[in-house]
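Q: Please look closely at the nonpolar core of this structure, and then at the details that can be described alongside it. The account should suit a reader who is new to this structure.

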Amino acid sequence: MRIRPITLCAAVAAAALTVLPASPAVAESEPHGSVRVTPGAIAPGGEVDLRVSVCRGHEAIGSSDAFVSEARFTPAGDDGLFAKARIRSDAQDRDYDIWVNCKDSSGKASGRLTVIHGDHHGDHHDDHGRPTPFRPVHAGGGGAATLAAQEPKEQGPGTRHAVIGLALAAVAAVAVASRSVRRRRGGG
């Protein structure tokens, strides 16, 4: 008779898990896109062009620790949104994240820009006037390494997949428990 409580618990768990996918917490998340930044590397005080295509409305707000103020996006000719952003004059040499929130539709976007001091065309010179690279090339990938780093990464299974997996495991547990009960009753 110990199987009955286990079977009942498994059945309750399976029923609860099959209801969960309809809850708002597990519903599809809002669309997420990327921010195209031109140029990708800029000196403090410079200005960058930003473009997003994830927003279906006419407005978005962009922010970054590198920006002087929020970037206000407006419609662009390519069905996306466009903004300009000025880089803080005291911005440090490093990568900065950019976040964009669509205002009159759902959606978000993210991107990254690099702040570098000096001439942002890549012509840097040492103390003797000789040209020097400002950033080393990553060995083994050439230019493809930079492109690969900019590709959006897949995030793997999310909450929805976990809930489905748990529901399937609960159904399997109920099936095993009920089969055990049937064997005991029939096989004695």
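A: Strands, labelled β here, are DSSP runs of E with at least two residues, and they are numbered from the N terminus. The model described here is predicted.

The largest nonpolar core has 25 residues. Those with the most contacts inside this core are V48, L50, F67, F73, I87 and L113. Five strands each supply at least two of the core residues: β4 (47-52), β6 (71-75), β7 (81-86), β8 (94-102) and β9 (108-115). The largest share, 4 residues, comes from β8. In soluble globular proteins, nonpolar side chains tend to be buried together.

I87 offers a view of the packing from one core residue. Leaving aside residues up to four places away in sequence, I87 touches I42, A43, P44, G45, G46, V48, A66, F67, V68, L113 and V115. Among these partners, V48, F67 and L113 are themselves listed with the most contacts inside the core.

β8 also takes part in other features. S64 lies in the loop between β5 (60-63) and β6. With a relative accessible area of 10%, S64 is buried, because buried means under 20%. Apart from residues up to four places away in sequence, S64 touches Y96, D97, I98 and W99, and these four positions fall within β8 (94-102). Y96 appears again in another arrangement: the charged end of R94 sits over the ring of Y96, 3.9 Å from the centre of that ring. The structure holds 0 aromatic pairs.

A covalent link involves β8 as well. There is 1 disulfide, formed by C55 and C102, whose sulfur atoms are 1.9 Å apart. The pair links distant parts of the chain, 47 residues apart: C55 is in the loop between β4 and β5, whereas C102 is in strand β8. Both cysteines, C55 and C102, are buried. The torsion about the S-S bond of C55 and C102 is about -80°, and therefore the disulfide is left-handed.

One further detail concerns the backbone. P39 is found in the loop between β2 (36-38) and β3 (41-42). A cis peptide bond joins T38 and P39, with omega about -10°. For context, most peptide bonds are trans.

Taken together, β8 supplies the largest share of the core, holds C102 of the disulfide, and contains the positions that S64 touches outside its own sequence neighbourhood.

How values were computed: Residues numbered from 1 in each chain as written. Predicted model: local features only at pLDDT ≥ 70, side-chain atom pairs only at ≥ 80, totals over all residues. Heavy atoms only, no water. Phe/Tyr/Trp six-rings, centres within 6.5 Å; stacked < 30°, edge-to-face > 60°. Lys NZ or Arg CZ within 6 Å of the ring centre and 35° of its normal. Core = buried A, V, L, I, M, F, W, Y, C linked by side-chain atoms within 4.5 Å. Buried < 20%, exposed > 50% of the residue type's maximum accessible area, 1.4 Å probe, protein only. Contact = heavy atoms within 4.5 Å. Disulfide = S-S within 2.5 Å.
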